[in-house]
Amino acid sequence: MKNILLGFVLIFLLIQIIQPARNIDYGQVPSTDISKVYKLPENVQSVLRNSCYDCHSNSTHYPFYSYIQPLSYYLEKHIKKGKEELNFNEWGSYSHRKQTNKLESIVNQIQQKKMPLTSYTYLHPEAKLSEKQIGEIVHWIELTQAEKEK
């Protein structure tokens with residue numbers, strides 16, 4: 001039994017050597033970022049950065065547990081999937097149609113409380129959106145969509 005436990009500990013320690021590439025941009029805000037494409041109110045920009053950017057941008061703030069395998073692998077896989085769906089840093093490279101669809105999707109996702117994910121807000125309770133924050137984002141998106149239609 002002692003040898004089996006020692007084997008598991010050794011394997012656990014060895015897999016710590018394998019670390020995935022990190023999603024870090026070192027504070028650079030690209031010209032394609034949503035904040036460069038639209039005039040974002042400070043409150044909306046703050047909510048997006050606090051509740052969305054970790055998974056939907058090129059700038060993730062990693063908690064301490066993200067350096068522990070296999071959690072690290074799981075987090076990077078999750079971030080990659082989130083960025084494939086929506087990347088706020090790449091917003092300016094999206095077509096007008098894709099931007100419109102993404103804005104509509106954001107409204108639907110936050111109103112249905114599907115985003116941010118429960119698994120994320122469980123570990124990051126400050127990222128959970130209040131009704132006021134949801135309303136502010138929805139209001140800004142509605143104004144943005146109305147301006148585009150003019």
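**Notes on a predicted model: cysteines, rings and a surface patch**

1. Let's start with the cysteines: the structure has 0 disulfides. Keep in mind that this is a predicted model. The sulfur of C52 has its closest cysteine sulfur in C55, and at 9.1 Å that is too far for a bond. A disulfide would need the two sulfur atoms within 2.5 Å. Seen from the other side, C55 is in no disulfide either, with the sulfur of C52 as its nearest, 9.1 Å away.

2. Are these two cysteines buried or exposed? C52 is buried, at a relative accessible area of 16%. C55 is buried as well, and its value is 12%. Both calls follow because buried means under 20% relative accessible area.

3. Now for the rings. You'll find 5 aromatic pairs in this structure. One to look at is Y38 with W140: the ring centres are 5.6 Å apart and the planes stand at 80°, so this pair is edge-to-face. The cut-off in play is that planes over 60 degrees apart count as edge-to-face.

4. Where do those two partners come from? Y38 sits in the loop between α2 (34–37) and α3 (42–51), while W140 belongs to helix α7 (residues 131–149), so their pairing ties together parts 102 residues apart in sequence. Y38 is buried, with 11% relative accessible area, and W140 also counts as buried, at 8%.

5. Next, have a look at Y53 and F88, an aromatic pair that is stacked, with 5.4 Å from centre to centre and 5° between the planes. Y53 is in the loop between α3 and α4 (71–85) and F88 in the loop between α4 and α5 (96–111), so here the parts tied together are 35 residues apart in sequence. Both Y53 and F88 are buried.

6. It's worth viewing these rings together. Y38, Y53, F88, W91, Y94 and W140 make up one aromatic cluster. One member, Y94, also has a charged neighbour: K98 lies over the face of Y94, 4.4 Å from the ring centre.

7. Finally, the surface. L5, V9, F12, L13, F64, I68 and L71 form a nonpolar patch there, and together they have about 690 Å² of accessible area. Which helix gives the most to the patch? That's helix α1 (residues 2–15), with 4 residues.

8. V9 is a handy residue to click on in that patch. V9 is found in helix α1 and is partly exposed, with a relative accessible area of 41%. That clears the bar for a patch residue, because patches are made of residues with over 30% relative accessible area and no salt bridge.

Technical notes
Residues numbered from 1 in each chain as written. Predicted model: local features only at pLDDT ≥ 70, side-chain atom pairs only at ≥ 80, totals over all residues. Heavy atoms only, no water. Patch = residues over 30% accessible without salt bridge, like charges linked within 9 Å, V, L, I, M, F, W, Y side chains within 5 Å. Areas by Shrake-Rupley, 256 points an atom, 1.4 Å probe, with all protein chains shown as cover. Salt bridge = Lys/Arg side-chain N within 4 Å of Asp/Glu carboxyl O. Helix = DSSP H or I, 4+ residues; strand = E, 2+ residues; numbered from the N terminus. Buried < 20%, exposed > 50% of the residue type's maximum accessible area, 1.4 Å probe, protein only. Phe/Tyr/Trp six-rings, centres within 6.5 Å; stacked < 30°, edge-to-face > 60°. Lys NZ or Arg CZ within 6 Å of the ring centre and 35° of its normal.
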